[in-house]
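The following paragraphs lead the reader through the helices, pockets and cavities of one protein model. Please keep the structure in view while reading.

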Amino acid sequence: MSVELHRLSNGFRIVTENMPGLQSASLGIWVTAGGRHERIEQNGIAHFLEHMAFKGTRRRSALEIAEAIEDVGGYINAYTGREMTAYYARVLEADVPLALDVISDIVLNPVFDPAEIEVERGVILQEIGQVLDTPDDVVFDWLQEAAFPEQALGRTILGPAERVSAFSRDDLAGFVRERYAPGQMILAAAGAVDHDEIVRLAEALFGHLPAQDVDQASPALFTGGERRETRALEQAHFALAFEGPGYRDDAIYAAQIYASIIGGGMSSRLFQEIREKRGLCYSIFAQAGAYADTGLLTLYAGTSEAQLGELAELSVVEMARAAQDLTPVEVSRARAQMKAGLLMGLESPSSRAERLARLMAIWDRVPEVEETVARIDSVTTDDVRAFGAGLITGGKAAMALYGPVANAPLLADLKGRLAA
């Protein structure tokens, strides 16, 4: 398997990887325009724009967009993240040109029909309502807000209902003009693809776009804080976060290994101590997520009102204890889990195309898989312990609580327990 790169004169990037033996391909356009690139009055517009891309172009109606791909047995979708918006499809090898034509059409030529805007506005407002009714979703939005208050990175991707209710056609078109520049776009394709053909097609579809300077997102500042919302739910939802490294920081590998050890699976410390031994919850986990310039090490659990205090205190005790006595065996297991997850994911053309796009956005190149594996293998037990100790002594944390949480411990109390 070989990765090939090409950059058009306007800055548009193309990255492909042929996977011999496959008869299908995954491809898409990843745009470095997500929630953190919105001004406060635009909050939610990147996601609204993603919805509108499927509602008609100058060449195709909404139905024709869907039929073009589904008539050949393919699949098309999109998503909005905090740092990227993606439009992607999976099709058979012969239909790659068709898929790229459709994706380019919805990215470059949306009509933003006023009637369709109103229809999709209602859909998005329903989506916002659904998230608000899903406690283990909304608690993470609140945690993000507590970690990065008054910042684009701390705001929700969906945006508040009052802003979504007010977006106009001009607002949508304005965000496209500001952010959908060729230098912000990456065409990634994996599977049964021919690099030269993809480049030729991309040149015809995107080569005419003028190069454009785009303002960079404001640097993130992890401030930390607490948000709790008391509501009569069956469970109390508890989420705790500490600042972690960004994608470009070598410490990201130690962070991911530490998160795996404390809460990455059934053998993790939190799962074993809090769920298996004490029966305090059904769901508990930890994870290390990253952005371009910062990250979050996050812990989540759902439990009863009566057991929340004990669970929260035990969680920070286990975090502190791991920083002191996690073992080489645990580090080896976490490394194996990370490498297996990486390598298993590469067996899917969709996962591989996603990886190509993300690595191009981060590094402007695609590191060899062996390079990533070597970085994982280079993390020592001392490195992971040092990372955990740094979390504890760093002093900044964020917490979000939702449900019957009026009597839950304060964030300051948990930080004190960590320090002790």
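The model shown here is predicted. A suitable place to begin is helix α1, which spans residues 45–52. Eight of its eight residues are buried, so α1 is largely enclosed by the rest of the structure. The buried residues include Ile45, Phe48 and Leu49, but also His47, Glu50 and His51. They pack against the strands β4 (75–80) and β5 (85–92) and against the helices α4 (114–132), α6 (161–164) and α7 (169–179).

Leu49 of α1 has a further role in the description, for this residue also lines the largest cavity. That cavity has a volume of about 40 Å³. Its lining is completed by Ala53, Tyr87, Ile106, Val107, Pro110, Val176 and Tyr180. By class, the lining comprises eight nonpolar residues, with no polar and no charged ones.

In total, there are two cavities of 30 Å³ or more. The second largest has a volume of about 30 Å³, and among the residues around it are Tyr247, Asp249, Trp363 and Arg375. Here the lining divides into four nonpolar and four charged residues, with no polar ones.

Attention may now turn to the pockets. The largest pocket has a volume of about 1200 Å³. Of the 45 residues that line this pocket, Gly81, Arg82, Glu83, Ala290 and Tyr291 are the closest to its centre. Helix α5 (135–147) is among the elements that each supply at least two lining residues, and α5 gives the most, with six. The lining holds 18 nonpolar, 14 polar and 13 charged residues.

The second largest pocket has a volume of about 750 Å³. It is lined by 26 residues, of which Tyr247, Tyr253, Gln256, Leu342 and Thr372 lie closest to the centre. Elements that give two or more residues to this lining include α9 (252–263), α12 (328–345) and α14 (369–377), while α13 gives the most, with seven residues. The lining has 13 nonpolar, seven polar and six charged residues. Tyr247 and Tyr253 also belong to the lining of the second largest cavity.

The last element to consider is helix α16, residues 411–419, in which Leu411, Leu414 and Leu418 are buried. Seen down the helix axis, the buried residues of α16 fall within an arc of 65 degrees, so they line one face of the helix. Ala412 and Ala419 are exposed on the face turned away from this buried side. The cover over the buried residues includes β7 (225–230), β8 (236–244), α11 (305–325), α15 (381–394) and β11 (398–403).

How values were computed. Residues numbered from 1 in each chain as written. Predicted model: local features only at pLDDT ≥ 70, side-chain atom pairs only at ≥ 80, totals over all residues. Heavy atoms only, no water. 1 Å grid on protein atoms, 1.4 Å probe; cavity = no way out; pocket = protein on both sides within 12 Å on 5 of 7 lines; lining within 4 Å. Points joined across faces, edges and corners; volume = space filled by probe spheres on them. Nonpolar A, V, L, I, M, F, W, Y, C, P; charged D, E, K, R; others polar. Buried < 20%, exposed > 50% of the residue type's maximum accessible area, 1.4 Å probe, protein only. Helix = DSSP H or I, 4+ residues; strand = E, 2+ residues; numbered from the N terminus. Arc of directions from axis to C-beta. Contact = heavy atoms within 4.5 Å.
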